[in-house]
Amino acid sequence: VPLLFDSIPISRRAPQPFSLEVRDRQTVAVLGDEESGVGLLGGYALGLERTSSGRALLFGTVVGSLAEPERLAYRRRVGYLPAGDGLLQNLSLRDNVALPLRFGSDAHPSDIEGRVNVMLTALRISGAAKLRPAQANDEERRRAALARAIAFDPALLILEQPFDRLTARVASELLEIARGGESAEGARRTIFITGQEIPPVVLRRVDQVYRLTRAGMLELETV
C-alpha cells in the first residue's frame with residue numbers, strides 16, 4: 001500500500017481518529033475546510049508533522065521515525081506539491097525544478113539539465129523558465145511546482161490544494177500529467193490530493209473522493 005493513515009487524531013473535536021488506505025495507482029482526494037485538519041495529512045505522511053498517536057506509513061514505513069538522511073532519501077519515492085506551491089523566491093522557475101535533482105541525486109550536471117528540460121517542456125513552461133516566482137503568474141508557478149514534484153518520477157504524489165486559482169482546463173491537464181499516463185492497471189502513479197474543493201471536471205478523474213468534517217468524520221462522496 002503506497003499510503004496508509006492508521007488511527008491518527010487530527011482534530012480535537014473528532015470523536016474518532018482518522019484512518020484511510022490509498023491503494024496502488026489510485027487517485028484519492030480528501031476535502032475539507034481549514035478547521036477539519038485536512039491540511040495536516042500531507043505533513044503527517046511525509047514525517048514533517050508528528051502525531052500524538054497512530055501512524056502514517058509510506059510504502060509500509062513510518063518516514064517520521066527515520067533518521068534525517070534516510071528520510072530525505074526515502075522521499076525520492078514521493079513527490080510533494082505543498083499548499084501555495086513552496087517555490088523558493090530567490091531562484092528562477094528552472095532552478096526550482098532542478099533543486100531536488102542537484103541536491104538529492106548523484107546525477108551528472110548535464111543529465112540533470114536534460115531532465116529539467118524534459119520537465120519544463122512537459123509542463124509547457126520553457127518560455128517562463130528564467131522568471132522568478134514573483135514574476136510568474138499562478139498557472140506558471142503551479143506548473144513549475146508540479147515539475148519539481150515529479151522530477152524523480154515518483155510512484156506516489158501528494159498534492160495539497162493543487163488546483164487553487166486555476167481554470168478547470170488547466171487543472172485537468174495538470175492532473176493528467178501528475179497521473180503519469182495510463183496502463184492496464186490504471187494510472188502510472190498513485191495520487192493523494194488534499195484541499196477544500198476540486199473543480200467538478202477534475203473530480204471525474206478521481207477514483208475516490210472523501211469529505212472530512214470538522215467532527216473528524218470521513219464521508220465518501222459520489223463523483
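The largest pocket holds about 550 Å³ of space. Here a pocket is an open set of points on a 1 Å grid over the protein atoms alone, where a 1.4 Å probe fits, with protein on both sides within 12 Å along at least five of seven lines. Points are joined across faces, edges and corners, and the volume is the space filled by probe spheres set on them. The model is predicted: local features need pLDDT of at least 70, side-chain atom pairs count only at pLDDT 80 or more, and totals for chains, interfaces and linings use all residues. Residues are numbered from 1 along each chain as its sequence is written, and side-chain values use heavy atoms, without hydrogens and water.

The lining has 20 residues, each with an atom within 4 Å of a point. Closest to the centre are Leu72, Arg75, Val78, Pro100 and Phe152. Two or more lining residues come from each of α2 (68-74), β5 (78-81), α3 (93-104) and α5. The largest share, 4 residues, belongs to α3. Helices (H or I, at least four residues) and strands (E, at least two) are DSSP runs, numbered from the N terminus. By class, the lining has 15 nonpolar, 2 polar and 3 charged residues.

Two arginines stand out by backbone angle. Most residues other than glycine have a negative phi. Both residues below have a positive one.

| Residue | Phi | Loop between | Relative accessibility |
|---|---|---|---|
| Arg25 | about 70° | β2 (18-22) and β3 (27-31) | 26%, partly exposed |
| Arg124 | near 60° | α4 (109-122) and α5 (138-149) | 53%, exposed |

Exposed means over 50% relative accessible area, buried under 20%, and partly exposed in between (1.4 Å probe, protein chains only).

How values were computed:
Ala, Val, Leu, Ile, Met, Phe, Trp, Tyr, Cys and Pro count as nonpolar, Asp, Glu, Lys and Arg as charged, and the others, Gly among them, as polar.
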